[in-house]
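Please open the model in a viewer and keep the selection tool at hand. The stops below go from aromatic rings to salt bridges and end at a pocket.

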Amino acid sequence: MPSNIWVLAETWRGQVTETTLELLTLGRELGGKLEVVLLGNKSLAASLVGADNVLCAENVAPTPEAVAAALTQLVKERQPQAVLVPWTNLSMDAGALAAAQLNAPFIGGCKDIKADAGTLVAQCVVYGGKLEAAVAATTTPALFGVLPGARAASSGNAPAVTDVTVTLPEAKVKFTKYLEPEAGDVDITQQNVLVAVGRGIQTKDNMELANDLAAALGGAVCGSRPVIDQGWLPLSRQVGKSGMQVKPKLYVMLGISGAPEHVEGIKGAQLIVAVNTDAAAPVFNVAHYGIVGDALEIAPALTDAVKAKK
Amino acid sequence: MNILVLLKMVPDVVEELEVAGDGKSLDASFLRTIINERDDHALEQAILLKERHGGKVTVVALDAPDIDDTFFTAIAKGADRAVKITDAPEGLTTQSAARLCAEAIAGLLPADLILTGVQALDDLDGLSAALIAQQLNFPYVGVVTAVSAGGPTATVLKEFAGGVRGEFAVTLPAVLGVQAAEKPPRYVPIAKVRAVMKTSKIETVSAPGEAAAAQIDVRQLAKPVVSSHAEMLDGSPEEVAGKLVELLAQRGLL
């Protein structure tokens with residue numbers, strides 16, 4: 001008989017996240033009873049549709065330490081075969097810590113998981129999206145960090161709910177407050193045209209080339225992680241896992257490799273154009289049109305051509 | 001404050017990555033490795049904290065090709081001490097490597113903070129920072145983008161999504177998985193690194209104990225099988241720009 005598959009529910013701003021529901025769809029395919037660990041408000045259990053049962057504990061603080069301790073305790077008591085954890089900023093550290101406490105593997109960056117003769121085999125994105133690894137867990141339990149978008153959100157009936165009690169250690173990590181992004185900047189989630197800049201832009205001065213193109217196209221400039229880390233764009237312009245989810249009609253990518261952390265943020269883009277010097281860059285697997293070339297040469301040519309056409 | 005920074009070398013993904021004949025690992029023959037980008041941020045955060053509060057920064061890493069250059073660069077940036085963990089088996093998974101590193105780090109304590117990148121490009125079975133925190137029984141927070149210290153706790157910012165961050169008070173000593181330092185990693189001129197090579201020494205410690213067996217089986221490593229690929233536009237910059245503008249105009253995007 002197949003063992004239980006668990007999903008660690010992720011809640012954000014009082015709601016269960018979409019990724020949690022996607023993991024429920026995936027978990028259902030892996031056989032066995034599908035249970036959700038909900039460490040938070042019990043009233044959210046009804047939204048975890050498609051699961052068989054929810055294990056709910058309400059007294060758990062929103063820290064990686066508390067979530068991991070609760071999950072570890074429940075896994076030890078109830079012995080699921082696998083726990084699917086959202087591979088997100090919100091949940092990845094709790095998943096990693098629980099796996100460490102359980103001496104279990106935490107197989108991360110999974111875009112898919114399949115059951116193969118009783119063993120779960122994950123398809124994992126590695127090396128910034130350049131390669132994928134098929135990884136089997138050789139021990140039970142195993143934890144899997146699953147990327148957003150692995151499946152469609154679950155549907156079905158509201159699950160049964162079981163109240164569970166967890167004993168937490170003395171807190172050494174305390175959540176204090178949320179810090180909201182700085183207001184007053186352009187809201188990139190509302191733009192029809194975005195010019196996105198990555199490492200290939202090379203210097204701060206070259207940002208001007210992206211600004212010019214965005215102005216010609218009537219849009220705004222946004223960026224991937226390296227550009228934000230360099231301080232060339234504010235945090236409010238970051239697209240991807242840590243930043244915004246955008247849905248423009250046109251998304252032009254200048255010098256972005258297409259790592260999964262960035263691609264996660266552009267699933268709603270209607271037309272994607274990518275410019276990159278590396279013909280093997282994963283960005284060309286998500287773009288509709290691709291140009292192998294130096295963004296520093298292509299961007300000004302494109303700006304001129306757009307101006308000439310208008 | 002005393003800060004330990006765990007560094008790791010990873011393949012430079014700007015280069016082409018080739019899969020070895022076994023179909024499960026990287027072909028190492030032409031592999032160029034660099035410091036894991038998140039670890040470089042962890043080092044920068046450590047040096048920023050040292051500049052603010054005083055203390056010492058020690059960089060630690062498993063032996064690997066080019067690790068000495070990375071150590072000398074770290075010292076040139078402001079690290080005080082470099083410790084190389086030698087004699088570890090090759091091809092360790094993240095989990096097995098982190099268990100060994102945690103034992104070596106235990107021998108370098110006390111420290112107020114242990115910083116490392118929140119993840120590495122080749123992690124498949126765990127995150128180093130969490131594994132080390134568990135083994136040392138220190139608290140842990142990941143996806144960290146700012147740290148301020150002073151007293152028995154550190155104030156740590158963790159990045160969520162949509163530009164929102166959370167503030168946490170973390171009892172020291174602690175392990176933090178760094179996503180980004182408060183400032184971009186500093187640049188050091190090669191001349192300074194060369195000078196450091198002449199005057200600084202890298203300490204070594206032998207890997208303590210046996211490496212734990214891996215709990216995963218990598219069955220295949222391959223380029224992604226893609227369901228779609230971009231339609232490529234060829235020509236000079238002016239030619240491709242012209243072609244693209246036509247396509248955008250046809251779609252009513254201009």
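A charge is taken to sit over a ring if NZ of Lys or CZ of Arg is within 6 Å of the ring centre and within 35 degrees of the ring normal. Select Arg13(A) and Tyr178(A): the charged end of the arginine sits over the tyrosine ring, 5.6 Å from its centre. The model is predicted, so local features need pLDDT of at least 70 and side-chain atom pairs count only at pLDDT 80 or more, while totals for chains, interfaces and linings use all residues. Residues are numbered from 1 along each chain as its sequence is written, chains are lettered from A and ligands numbered from 1 in the order in which they are written, and side-chain values use heavy atoms, with hydrogens and water left out.

**Aromatic rings**

Keep Tyr178(A) selected and add Trp12(A), Phe175(A), Phe160(B) and Phe168(B); these five residues form one aromatic cluster. Rings of Phe, Tyr and Trp (its six-membered ring) pair if their centres lie within 6.5 Å; planes under 30 degrees apart are stacked, over 60 edge-to-face, and the rest tilted. By this rule there are six aromatic pairs over all chains. Go next to Trp87(A) and Phe106(A), whose ring centres are 5.6 Å apart with planes at 55 degrees, so the pair is tilted. Trp87(A) is in the loop between strand E6 (82-86) and helix H3 (92-102) of chain A, and Phe106(A), 19 residues away, is in strand E7 (residues 106-116) of chain A. Helices (H or I, at least four residues) and strands (E, at least two) are DSSP runs, numbered from the N terminus. Both Trp87(A) and Phe106(A) are buried, where buried means under 20% relative accessible area, exposed over 50%, and partly exposed in between (1.4 Å probe, protein chains only).

**Salt bridges**

A salt bridge is a side-chain nitrogen of Lys or Arg within 4 Å of a carboxyl oxygen of Asp or Glu. The whole structure has 31 over all chains.

Select Glu159(B) and Arg225(A), a salt bridge with its closest N and O atoms 2.6 Å apart. The pair crosses between chains, from strand E8 (residues 153-159) of chain B to helix H5 (residues 225-229) of chain A. Glu159(B) and Arg225(A) are both buried. Add Arg199(A), Asp229(A), Glu37(B) and Arg38(B) to show the network of salt bridges that links them with this pair.

Within chain B, Lys77(B) and Asp40(B) meet in a salt bridge at 3.0 Å, N to O. The pair links helix H2 (residues 67-77) with helix H1 (residues 37-53) of chain B, across 37 residues. Lys77(B) is buried at 10% relative accessible area, and Asp40(B) also counts as buried, at 17%.

Then select Lys8(B) and Asp123(B), in a salt bridge at 3.9 Å, N to O. Lys8(B) is in the loop between E1 and E2 of chain B and Asp123(B) in the loop between E6 and helix H4 (128-136) of chain B, so the pair ties together parts 115 residues apart in sequence. Lys8(B) is partly exposed at 24%, whereas Asp123(B) is buried at 10%.

**The second largest pocket**

Which residues lie nearest the centre of the second largest pocket? Of its 47 lining residues, they are Lys8(B), Glu90(B), Gly91(B), Leu92(B) and Asp122(B). On a 1 Å grid over the protein atoms alone, a pocket is an open set of points where a 1.4 Å probe fits, with protein on both sides within 12 Å along at least five of seven lines; lining residues have an atom within 4 Å of a point. The largest share of the lining, four residues, comes from H3(B).
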